[in-house]
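Colleague: Before I trust any labels, I'd like to hear the reasoning behind them. Could you put the chain up and talk me through it?

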Amino acid sequence: MSRSSGIGFLAALGRVALATTALAAAATAEPAASAANTAGRVDAERAANPAPGDWLLHGRTWDEQRHSPLTQITRDNVGKLGLAWSYDTGTKRGLESTPIVVDGVLYATGSWSVVYALDAASGRELWRFDPLVPRSKGRDACCDVVNRGVAVWKGRVYVGALDGRLIALDAASGEKLWETPTVDAKLPYTVTGAPRIAKGLVILGNGGAEFGVRGYVSAYDPDSGALRWRFYTVPANKDGPHEHEELQAAAKTWPANSLWESGLGGTVWDSMAWDPELDLLYVGSGNASVYNREQRSPGGGDNLYLASILALRPDTGRLVWHYQTTPGDQWDYTATQHILLADIRIDGSLRKVLIQAPKNGFFYVLDRATGELLSAEKFTHVSWATHVDLSTGRPVEREEANWSRKGRVVAPAVVGAHNWHPMSFHPKTGLVYIPSIHNAYFFEPDPDFRFTPGRFNTAEDFAALSAIFEGYEFFPRLTCDPTGLLAWDPATQKKVWEVRHRYGVPGGILTTAGDLVFQGSGTTFSAYDAASGKRLWSTAVATGVMAPPVSYSVDGVQYISVLAGIGGSSGAHFASLETENDGRILTWKLGGDAAAPLARPLAKGSVEGARHSAAGSPEAVARGRDLYAEHCLRCHGAGLRSSGLYPDLRYSSRKTHEQFDPIVLGGIRAGGGMASFADVITPENSADLHAYVIERALVEPSVLETLAGWLYERGACVPEEWMTN
Ligand code: CA
């Protein structure tokens, strides 16, 4: 059976149907009896009342609680979990998607927005759809070519491709029904988030703030792909005319001399939730195109609607309320993190709340009908603000965190105290389980910063940071157990327990009614007691897990499933893979006895290629270091120490060294994801970069690096609060 076949599987299944005809009928009529045209049958009625074994929506339910009511796997028998099946995605980049499971079919996405439909009980491939995203688009992705999943609705599967296309597929065959562009292809937009369905519309955001785009969220007709509404999170200019009236209020919070050409950011790249009863769609917005607020917005201003939780009417896109978590943000403190809805008892009364633990390190509980802030407390070490003032709803910033004119070490780091990795709410314990990150970051302003389209426009001083970055790998590794599984009581705003991990990437979280919490960390995947945090079961997964697990049942058997594959932003910077990053979908059940996936050791590199290349002058190396920090470091790693996800340039072959210019400027490896940088790197720059690459390949580790590595091996670590003032 062909891996890419859209039709072949139907015959293999014995389910013969004319998929497109079936789909056309399904849109207007009751489903017929054949299996093929009942694929992907999710509608409002079913989504509101899912069977316990279903996982029909991104967060399982509209409230995005990510809690499975299945009880077959319990605290007592979880030790008997074994692998049911493993599916090779054929990828080596990051995997972040949440599978959707409908009537025994599992739909997931992988790197480069590829969609997989598998038999959920056996892992057998039913179909596979590759949207053929141009690999050069990878350059516009701040944080890897990831995708966080599909939406399945009324016989169709919707995926947002990295290049900005919204694509509708036939759920039975994987055939493309239509596609529509959702972004201006000339601009460095990317789409990595899962589409959501709210009030029968397909909702999709986008990313690209660091490169200079203007953020928005859009709603599309599920049948035709026609645009129904678009809500921009930031104005295009100070004086208008504005696309919609909410931007007039936003424009008042931006000075006339703001850096309008930067696009301002505020991208809606991940989180959404819907409350059908209140008829409110909640979305989270991101950071600005330029981090440094004195350069982005001279003279100040809150800069609405950056870093905000927005409550919209799903059928019109009109704003009902907003809450800005980080007014005038300058630390990349997005509010795009998981938005979770729950009804919880606070001081004796049942409240309908919205919960978010964004990058800025505060855990927010809001009244989701009105947007009123009920409470906000730090869930990790936070140095940028002393507290959130409940009377004003605003954070009280610390001057020590203002890096507009002076370099500062600030916690949380740009990666955040919590990033995209989904949380989970357990209705019985009443706790929220957070994939926590404990870290700090050095912000250094560049006084000569000028916005340049297509560049990484944060206004940080890369020349000053580059030397620090060379040793930067060791700072996160020296932080004590930098990630965790944090159980937090949203009613009392108190930590109940936290398990800390020695690994840099925390996995997303699933809770089940078997009183279990599942999370991956490092190259293991584990189950914990939801009440105590005691680890009850753990298994080796050949490569790392950062994706969130799901649970579902088929024919009375409960399964736990998760994608394994390191990547994303934290994967590229904090991982240190020792094995090939072979992507997989792994699924367990009680008594499962499938063979464990093989871990293939990473081949050891050789610097022979660099030895045969001509060394550059010290001046060229110094210039190359700064260029590398600005253009190359995000993928290839600090000091050329690759995480294992991207080629380690120290070990480039002789041929690669000979083709340095054709690769960097000519784009001869664009097909593999290494686009041409000729628009921002001159031939002279390229020579300097090459000199730096050769120097790093041949240099001996510094005394500091050697010492840090020695200490790390012996378990030495630095509490993150020691890093900031
Ligand atoms: Ca960002």
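What follows is a chat about the labels given to parts of this predicted model.

Colleague: Let's start with the calcium ion. What makes Asn287 one of its donors?

Modeller: Distance. The cut-off for calcium is 3.2 Å, and the protein donors, among them Asn287 through OD1, lie 2.3 to 3.2 Å from the ion, so they count. The others are Glu210 (OE, listed twice) and Asp332 (OD, listed twice).

Colleague: What spacing do those donors follow along the chain?

Modeller: E-x76-N-x44-D. Glu210 lies in the loop between β12 (201-204) and β13 (216-220), and Asp332 in the loop between β18 (319-324) and β19 (339-346), so that pair ties together parts that are 122 residues apart in sequence. Asn287 lies in a loop too, between β16 (280-284) and α5 (293-296).

Colleague: Why is Asn287 called buried?

Modeller: Buried means under 20% relative accessible area, and Asn287 has 2%, so the label fits. Glu210 at 8% counts as buried as well, and so does Asp332 at 6%.

Colleague: How do you know that Asn287 and Asp332 make a polar contact?

Modeller: Their side chains are joined at 3.4 Å, and the limit is 3.5 Å, so the pair qualifies. Asp332 is also among the residues Asn287 touches, along with Ala209, Glu210 and Thr334.

Colleague: On to charges. Why is Arg584 with Asp88 called a salt bridge?

Modeller: In general, side chains of opposite charge can pair when their charged atoms come close. The rule asks for nitrogen and carboxyl oxygen within 4 Å; for Arg584 and Asp88 the closest N and O atoms are 3.2 Å apart, so the rule is met. This pair links distant parts of the chain: Arg584 is in strand β37 (residues 584-590) and Asp88 in strand β2 (residues 81-88), 496 residues apart.

Colleague: Are those two partners buried or exposed?

Modeller: Arg584 counts as buried at 8%. Asp88 has 46%, and partly exposed covers what falls between 20% and 50%, so Asp88 gets that label.

Colleague: What other pairs pass the salt bridge rule?

Modeller: Including Arg46 with Asp54 at 3.6 Å, and Asp275 with Arg368 at 2.7 Å. The Asp275 and Arg368 pair links strand β15 (residues 272-275) to the loop between β21 (362-367) and β22 (373-378), 93 residues apart. Asp275 is buried at 6%, and Arg368 counts as buried at 6%. Salt bridges that share partners also join Arg75, Lys428, Asp515 and Asp529 into one network. By this rule the count comes to 44 salt bridges.

Colleague: What makes Leu707, Trp710 and Leu711 a patch?

Modeller: They form a nonpolar patch on the surface, with about 290 Å² of accessible area together. A patch residue needs over 30% relative accessible area; Trp710, in helix α15 (residues 703-713), has 49%, so it clears that bar. Being under the 50% needed for exposed, Trp710 is called partly exposed.

Colleague: And Glu720, in the segment after α15: buried or exposed?

Modeller: Buried, since 7% is under the 20% cut-off. Glu720 touches Thr380, His381, His438, Asn439, Thr479 and Arg500, leaving aside residues up to four places away in sequence. By contrast, 45 Å separates the C-alpha atoms of Glu720 and Thr180, which are 540 residues apart along the chain.

Note on methods:
Residues are numbered from 1 along each chain as its sequence is written. This is a predicted model: local features need pLDDT of at least 70, side-chain atom pairs count only at pLDDT 80 or more; totals for chains, interfaces and linings use all residues. Side-chain values use heavy atoms; hydrogens and water are left out. Patches are made of residues with over 30% relative accessible area and no salt bridge: like charges are joined within 9 Å, nonpolar side chains (Val, Leu, Ile, Met, Phe, Trp, Tyr) within 5 Å. Accessible areas come from the Shrake-Rupley method with a 1.4 Å probe; for residues, only the protein chains shown count as cover. A salt bridge is a side-chain nitrogen of Lys or Arg within 4 Å of a carboxyl oxygen of Asp or Glu. Helices (H or I, at least four residues) and strands (E, at least two) are DSSP runs, numbered from the N terminus. Buried means under 20% relative accessible area, exposed over 50%, partly exposed in between (1.4 Å probe, protein chains only). A polar contact is a pair of N or O atoms within 3.5 Å; within protein, one must be able to donate a hydrogen and the other to accept it, and residues adjacent in sequence count only if both atoms are side-chain atoms. Contact means heavy atoms within 4.5 Å. Donors are N, O and S atoms within 2.8 Å of the metal (3.2 Å for Na, K and Ca); water is not among the atoms, so sites may look incomplete.
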